[in-house]
Amino acid sequence: MQENIIEIFSSVQGEGKYVGYRQVFVRFEGCNLACRYCDTENAVNMHDYCRVESAAGSRQFLKVGNPFTPEAAARQINALLQELPHQAVSFTGGEPLLHADFLAELIPRLSPAACFLETNGTLTNALKQVLPLISIISMDIKLPSVTGRPLWEEHRRFLQAARSRDTYVKIVVAADTLLSELEQAYAIVAGADKNLPVILQPVTPFGGCEAPTAGQMLAAQQAALLQLSDVRVIPQTHVLMGQL
Ligand code: SF4
């Protein structure tokens with residue numbers, strides 16, 4: 001089994017509940033959605049090589065030919081893990097659950113580390129395939145104004161499966177996000193567990209998507225707090241810090 005990987009590097013987690021922790025990031029190709037504000041270059045079969053950081057935090061990258069076997073990917077990840085303690089290995093993309101078969105082969109080959117899944121929260125069958133191997137799930141709820149269609153049922157099913165892990169929900173809020181769609185998202189989380197952490201992330205402007213005002217973020221959080229107990233507003237801090 002072989003897969004293309006875009007990059008492997010060590011950096012600071014910039015988003016969500018574990019913001020600030022040091023992690024190894026593994027970015028996969030491809031996504032099953034097309035969000036308006038997507039800033040990740042994740043086209044499929046366009047990466048002849050993977051950018052692999054030569055030493056953790058050095059920002060010196062080697063070009064290592066794609067595709068990778070699980071054994072070869074594990075060697076590169078383990079080399080970074082062995083340099084310094086990392087809180088977790090973060091599988092990101094794109095949508096990493098498009099590569100569930102590969103993850104199932106890769107993760108058992110990694111040095112002991114928590115495995116952190118950054119996912120758009122729609123591929124429940126793929127999640128179930130790797131769930132026992134994953135410690136932390138950062139699950140996005142994607143709003144209809146972002147994806148062009150409602151994904152409520154997909155998110156509801158996913159959250160039911162994901163909540164057995166250390167899971168939190170992230171919702172990106174833009175200037176034109178409707179309070180009504182946020183309230184639907186909150187209701188889905190509350191239906192699963194009103195104590196699940198929810199992170200409201202003001203969008204980093206991209207692709208014509210504009211940032212919400214400070215007042216909009218307060219209103220978004222206020223509406224969430226009517227249904228949920230743990231609601232935080234956290235921007236993409238890696239962008240503020242100039243981290244990858
Ligand atoms: S789910 Fe993530 S990677 Fe996929 S299109 Fe949306 S923002 Fe981009």
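# A walk through the predicted model

Start by selecting strands β7 and β8 (residues 166-173): these two pair in the parallel sense, with five bridges between them. Keep in mind as you go that this is a predicted model. To see one of the pairings up close, pick Ser138 and look across to Tyr168, its bridge partner in β8.

Now stay with β7 and turn to its other neighbour. Strand β6 (residues 114-119) also runs parallel to β7, and four bridges join the two. Show Leu117 here, and you will find it opposite Ile137 of β7. Follow the chain from β6 and you pass through helix α3 (residues 124-130) before arriving at β7; this β-α-β crossover is right-handed.

Next, turn on the side chains of β7. Ile136, Ser138 and Asp140 point one way, Ile137 and Met139 point the other way, and all are buried. That pattern fits a general rule: in a regular strand, side chains alternate between the two faces of the sheet. Since five of the five residues of β7 (residues 136-140) are buried, the strand is largely enclosed by the rest of the structure.

The next stop is helix α7, residues 214-225. Put a distance between its end C-alpha atoms and you should read 17 Å; at 1.5 Å a residue, its 12 residues should span 16 Å, so the two values agree. Colour Met217, Ala220, Gln221, Ala223 and Ala224, which are the buried residues of α7. They sit on the same side of α7, because the arc they cover around the axis is only 160 degrees. What lies over them? Among the elements covering these buried residues are β8, where you began, along with α6 (179-192), β9 (198-202) and β10 (231-233). Rotate to the face of α7 turned away from the buried side, and the exposed residues Ala214, Leu218 and Gln222 come into view.

Jump back towards the start of the chain and select Ser10, in strand β1 (residues 5-12). Is Ser10 buried or exposed? Its relative accessibility is 0%, so Ser10 counts as buried. Show the side chain of His86 as well, and look for the polar contact of 2.9 Å that joins it to the side chain of Ser10. Leaving aside residues up to four places away in sequence, Ser10 touches several others, including Arg22, Gln23, Val24, Glu53 and Arg59.

Arg59 deserves a click of its own. You will find Arg59 in the loop between β3 and β4, and its phi is positive, about 60 degrees, although it is not a glycine. With a relative accessible area of 28%, Arg59 is partly exposed.

For another positive phi, go to Asn45, where the angle is near 60 degrees. Asn45 belongs to the loop between β2 and β3 and counts as exposed, at 61% relative accessibility. Val44 is also in the loop between β2 (22-28) and β3 (49-53). Beyond residues up to four places away in sequence, Val44 touches Glu29 and Gly30. Draw a line from the C-alpha atom of Val44 to that of Ile6: the separation is 9.8 Å, for residues 38 apart along the chain.

Finish with the backbone at two cis peptide bonds. One joins Asn66 and Pro67, with omega about -5 degrees; Pro67 is in the loop between β4 (61-65) and α1 (70-81). Then move to the bond from Gly93 to Gly94, which is cis with omega near 15 degrees. Gly94 lies in the loop between β5 (88-92) and α2 (100-106).

Definitions and conventions. Residues numbered from 1 in each chain as written. Predicted model: local features only at pLDDT ≥ 70, side-chain atom pairs only at ≥ 80, totals over all residues. Heavy atoms only, no water. Buried < 20%, exposed > 50% of the residue type's maximum accessible area, 1.4 Å probe, protein only. Polar contact = N/O pair within 3.5 Å; in protein donor to acceptor, adjacent residues only side chain to side chain. Contact = heavy atoms within 4.5 Å. Pairing = 2+ DSSP bridges. Right-handed = clockwise from strand over helix to strand, strands pointing away. Expected span 1.5 Å × (residues − 1). Arc of directions from axis to C-beta.
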